[in-house]
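These are my notebook entries on how helices and strands are arranged in one structure. I looked up helix packing and strand pairing in turn.

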Amino acid sequence: MTRTAALPPAVSLPHPVRHPLAHVRSRVARWWQSRLPLADSITLTQRNVYIMPTRAGLMLGVTLLVLLVAAINYQLNLGYLLTFLLAGSALVGMHVGHGTLRGLKLNLTAPEAIHLGSKAVFRVHLHNARRRTRFGIGLAVLGAGQWAWTDVAGQASATVQLAFRPERRGRHRLPTLSAETRFPLGTFRVWTLWRPAAQVLVYPAPEVPAPPLPEGQAHEGSAHAISISVQGEPDGLRAYRRGDALKTIVWKKAAKTGELVSRDSQTLQQQTLWLDQQHTGLGQFEAQLSRLCAWVLQAEQLGLIYGLRLKTQDIAPANGPSHQQRCLQALALA
């Protein structure tokens with residue numbers, strides 16, 4: 001069973017003058033979170049599971065107090081019976097709610113790298129070793145307010161899918177997670193906090209629409225230099241042959257004419273693109289990285305051999321998924 005919750009980005013601390021109480025609470029919460037251990041797997045015990053009454057629980061407490069005072073004043077035996085029956089039920093509910101989380105094991109699967117502006121989706125697996133079903137368990141990014149709820153059957157597992165939107169490129173640690181239950185009566189909130197150790201790599205957002213690629217160059221040692229602008233369709237097209245890679249097919253031409261044609265692999269191997277940061281034509285650093293990111297994706301889609309030149313790093317020309325990942329990682333960490 002899988003539940004999904006889409007979560008907004010984390011908010012900053014409240015203003016210390018306009019909202020002093022909220023600012024102090026946020027500072028205390030961050031200090032507390034910083035003391036939690038980093039782990040991608042956690043087992044909930046009585047040491048890391050907490051209990052607090054909900055608003056309904058507080059109202060029930062006030063109601064029980066009023067019933068108790070009325071029973072004492074009027075010497076109502078049925079009033080005593082009703083008061084202590086409700087109080088006993090609330091205490092049993094608190095014990096059952098604590099047992100719902102106690103002993104539950106949580107494992108996290110790290111998210112894949114994403115582009116800035118996208119959601120980093122990760123999964124949390126809940127493992128129930130006991131025979132009884134655990135009901136009404138929710139998980140969320142702390143402070144997001146959007147919960148993914150699930151039940152975990154006896155001696156089974158369930159998966160909850162969460163989403164987190166990073167605000168900047170680079171490598172980010174996953175935010176603090178919260179798990180809770182209010183089962184069975186909703187009078188007590190049983191909860192825990194969890195700091196995952198996993199990280200997510202955020203690439204720059206590619207520029208849209210994608211700008212034309214710069215001019216290609218011939219390989220060193222080739223018979224002649226080739227200066228080809230790959231703004232449109234590249235030269236060296238031939239009829240499609242069985243076994244040609246999908247990335248060599250000119251899909252735009254196939255959509256217009258209904259005829260499959262492929263790029264000549266020999267011509268492609270002669271073309272080498274240098275994607276240089278200084279040749280982006282942009283002044284802002286983040287805009288330069290965004291354009292380079294779009295170029296990398298476009299060059300890989302065309303099956304070209306390309307290299308990346310940054311102010312602090314040069315990546316030799318190559319192609320393929322691993323080369324693309326290496327270039328995108330260099331842009332993310334630049």
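The entries below take two helix pairs and two sheets.

**Entry 1. Status of the model.** I note at the outset that this is a predicted model.

**Entry 2. Helices α2 and α3.** I looked up how helix α2 (residues 55-74) is placed against helix α3 (residues 77-101), and found that their axes come within 8 Å and cross at roughly 155 degrees. Angles over 145 degrees count as roughly antiparallel. I therefore recorded α2 and α3 as roughly antiparallel to each other. The crossing of these two helices is left-handed. I then listed the residues in contact: α2 contributes Leu-60, Leu-64, Leu-67, Leu-68, Ala-71 and Ile-72, while α3 contributes Gly-79, Tyr-80, Leu-82, Thr-83, Phe-84, Leu-86, Ala-87 and Ala-90. Sorted by class, this contact comprises 12 nonpolar and 2 polar residues, with no charged ones.

**Entry 3. The antiparallel sheet.** I traced an open sheet of 5 strands, whose order is β3-β12-β11-β7-β8 and whose pairing is antiparallel. At its edges I found β3 (50-53) and β8 (148-152), each of which pairs on one side only. On average, neighbouring strands here are turned by 30 degrees against each other, direction ignored. I followed one pairing in detail: β3 joins strand β12 (residues 188-194) in the antiparallel sense over 4 bridges. Within β12, Trp-191 is the bridge partner of Tyr-50.

**Entry 4. Helices α6 and α7.** For helix α6 (residues 285-302) and helix α7 (residues 321-332), I found axes that come within 10 Å and cross at roughly 180 degrees. These two helices are therefore also entered as roughly antiparallel to each other. On the α6 side, the contact is made by Leu-289, Leu-292, Cys-293, Val-296, Leu-297 and Glu-300. On the α7 side, I listed Pro-321, Gln-324, Cys-327, Leu-328 and Leu-331. By class, the contact has 9 nonpolar residues, 1 polar and 1 charged.

**Entry 5. The mixed sheet and α7.** I next asked which strands α7 lies across. They are β5, β10 and β13, and α7 runs at about 90 degrees to β13. These 3 strands form an open sheet in the order β5-β13-β10, with mixed pairing. β5 (114-115) and β10 (170-173) are the edge strands, each pairing on one side only. I checked the pairing of β5 with strand β13 (residues 199-203), which is in the parallel sense over 2 bridges. There, His-115 stands opposite Tyr-203 of β13.

Key
Residues are numbered from 1 along each chain as its sequence is written. This is a predicted model: local features need pLDDT of at least 70, side-chain atom pairs count only at pLDDT 80 or more; totals for chains, interfaces and linings use all residues. Side-chain values use heavy atoms; hydrogens and water are left out. Axes are lines fitted to C-alpha atoms, for helices over the stretch in contact, and angles run from 0 to 180 degrees between N-to-C directions. Angles under 35 degrees count as roughly parallel, over 145 as roughly antiparallel, 65 to 115 as roughly perpendicular and the rest as oblique. Contact means heavy atoms within 4.5 Å. Ala, Val, Leu, Ile, Met, Phe, Trp, Tyr, Cys and Pro count as nonpolar, Asp, Glu, Lys and Arg as charged, and the others, Gly among them, as polar. Two strands pair if DSSP finds at least two bridges between them. A crossing is left-handed if the near helix is turned anticlockwise from the far one by less than a right angle, and right-handed if clockwise.
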